[in-house]
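Here is a friendly walk through the empty and filled spaces of one protein model. Each turn asks for the reason behind a label and then checks the label against its cut-off.

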Amino acid sequence: MYRFEPNLRIPGPTHLPPGVREAGGRQMINHRGPEFAALMARIDRRMRVFFGTEQEIILLTAAGTGGLEAAVVNTLSPGDRVLAMPTGAFGDRFAKIAGVYGADVTRLETEWGRAADPAALRAHLAADADYRAVLLTHNETSTGVTNPVAALAAVARELAPGALILVDGVSALGAVPFEMDAWGLDVVITGSQKAWMAAPGMSMIALSERAWAAAEEARMPRFYFDLREARKSAASGQTPWTPAVAVMYQVDAGLALMEAETPAGVFARHAACAAATRAGLETLGFRLLADPAFASNTVTAAWIPEDLDWKTFNGELKARQVILAGGQGKLKGKIFRVGHLGAVNLDDILGAIGVMEEVALGLGRPAEPGSAVGAAQRAVLAAGEIHPVAAQGAPA
Ligand SMILES: *Cc1c(COP(=O)(O)O)cnc(C)c1O
């Protein structure tokens, strides 16, 4: 049966609100003119709030991975000792980038599905703190875990004061509270297609004073991603190279919606959608991957049960326009993921859970009609601060 649009429940790219979509279709402007400078300034001003920084937000035309690469090559030199704390596929990627550019990378591993442990970091650094940088993932999209970045950064600052703290914030910045300056973070990266409700194509990155100082010393090769050039151009309201203007229009339009909703409203909406997703999936009999204490508010991962023919189940979901994500890296074929970030409302989640329930019933799996949707709604009510009606105040 025809549905206007798919219920795109993947952790980015995310659904575009109509106003954002229309913004992407606007006519081009001179990227060396005053209108463009005003656009850049608006994005910078509104985005700082969600980074929790007074530093400028540098706009790069790139996927989030380009932002990660920019973070590495602008702060490090070949041979620098780097401590990576991967908690999944994206943490692996960050470590790999550093290695490719010649950093001497030590990996402090965490079992996938668990959060990076500040105590483990403390124990490691107590024995060896001679690092130039520590690589952290804020929200590990491959496992649905949000790492305790503030606590990890505090340990790194205390025991390895010379180490820069580089944070991949791609998949939760803009959706959950974040305080770059207060937490003492040196480089933070995000991407337009995640919580920002825009199309892919822009990566946003902020650097602390010490990171900007490091950028002057760093000897890894860089040209397109030279952030010194980006900063120089930004001072006159420009980017060094021609940017993805249409995506910037969208990021600007998305930020206007987020400002109108207020950060607290945006965060509460994500918390409500996450709580509903977790409760709904568990009631459907799925075991969640993430340690519940660190469950992400932007993406939820669940194990595919042994007795479930996933291809058939997911095929039925797709036929009903509910689009889920699969597993990455070593979790490929073992888990599925539900994205609940960006322009997501509680009714999108209840709809997806309802369809999953319907498909489960259709395949003769043990399910009670309405129980998963009911559990999802109860979870939102139990969350207290959020009433389902208030949670609908999201972008039009
Ligand atoms: C999406 C994502 C990225 C970047 O992905 P791109 O496909 O390069 O935009 C990096 N880190 C995390 C945690 C992500 O979720």
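Q: How many cavities of 30 Å³ or more does the structure hold?
A: In this predicted model, there are 3 cavities of 30 Å³ or more.

Q: Why is the largest one called a cavity?
A: The label cavity applies because a 1.4 Å probe fits at its points but cannot get out. The largest cavity has a volume of about 120 Å³.

Q: What makes a residue part of the lining of the largest cavity, and which lie nearest its centre?
A: A lining residue has an atom within 4 Å of a grid point. By that test 13 residues line the largest cavity, with Leu 59, Leu 60, Thr 61, Pro 240 and Trp 241 nearest its centre. Strand β2, residues 58-61, gives the most to this lining, with 3 residues. By class, the lining has 9 nonpolar, 3 polar and 1 charged residues.

Q: How do you know that the ligand sits in the second largest pocket?
A: A molecule is said to sit in a pocket if more than half of its atoms lie within 2 Å of the pocket's grid points. The ligand is assigned to the second largest pocket, so it passes that test.

Q: What is the second largest pocket like in volume and lining?
A: Its volume is about 160 Å³. The lining counts 13 residues, and Thr 65, Phe 90, Arg 93, Val 170 and Lys 194 lie nearest the centre. Helix α3 supplies the largest share, 3 residues, and α3 and α4 each supply at least two. The classes here are 4 nonpolar, 6 polar and 3 charged.

Q: What makes a residue count as near the ligand?
A: One of its heavy atoms must lie within 4 Å of the ligand. The residues around the ligand include Ala 63, Gly 64, Phe 90, Asn 139, Ser 171 and Lys 194. Both α3 (64-75) and α4 (89-100) supply at least two residues of this shell, which divides into 3 nonpolar, 6 polar and 3 charged.

Q: Why is the pair between Thr 141 and the ligand called a polar contact?
A: The cut-off for a pair of N or O atoms is 3.5 Å, and a polar side-chain atom of Thr 141 lies 2.3 Å from a ligand oxygen atom, so the pair qualifies. Asp 168 also qualifies, because a polar atom of its side chain lies 2.6 Å from a ligand nitrogen atom. For Gln 193, a side-chain N or O atom is 2.7 Å from an oxygen atom of the ligand. Taken alone the ligand exposes 380 Å², and the protein buries 87% of that.

How values were computed: Residues numbered from 1 in each chain as written. Predicted model: local features only at pLDDT ≥ 70, side-chain atom pairs only at ≥ 80, totals over all residues. Heavy atoms only, no water. Polar contact = N/O pair within 3.5 Å; in protein donor to acceptor, adjacent residues only side chain to side chain. Areas by Shrake-Rupley, 256 points an atom, 1.4 Å probe, with all protein chains shown as cover. 1 Å grid on protein atoms, 1.4 Å probe; cavity = no way out; pocket = protein on both sides within 12 Å on 5 of 7 lines; lining within 4 Å. Helix = DSSP H or I, 4+ residues; strand = E, 2+ residues; numbered from the N terminus. Nonpolar A, V, L, I, M, F, W, Y, C, P; charged D, E, K, R; others polar. Points joined across faces, edges and corners; volume = space filled by probe spheres on them.
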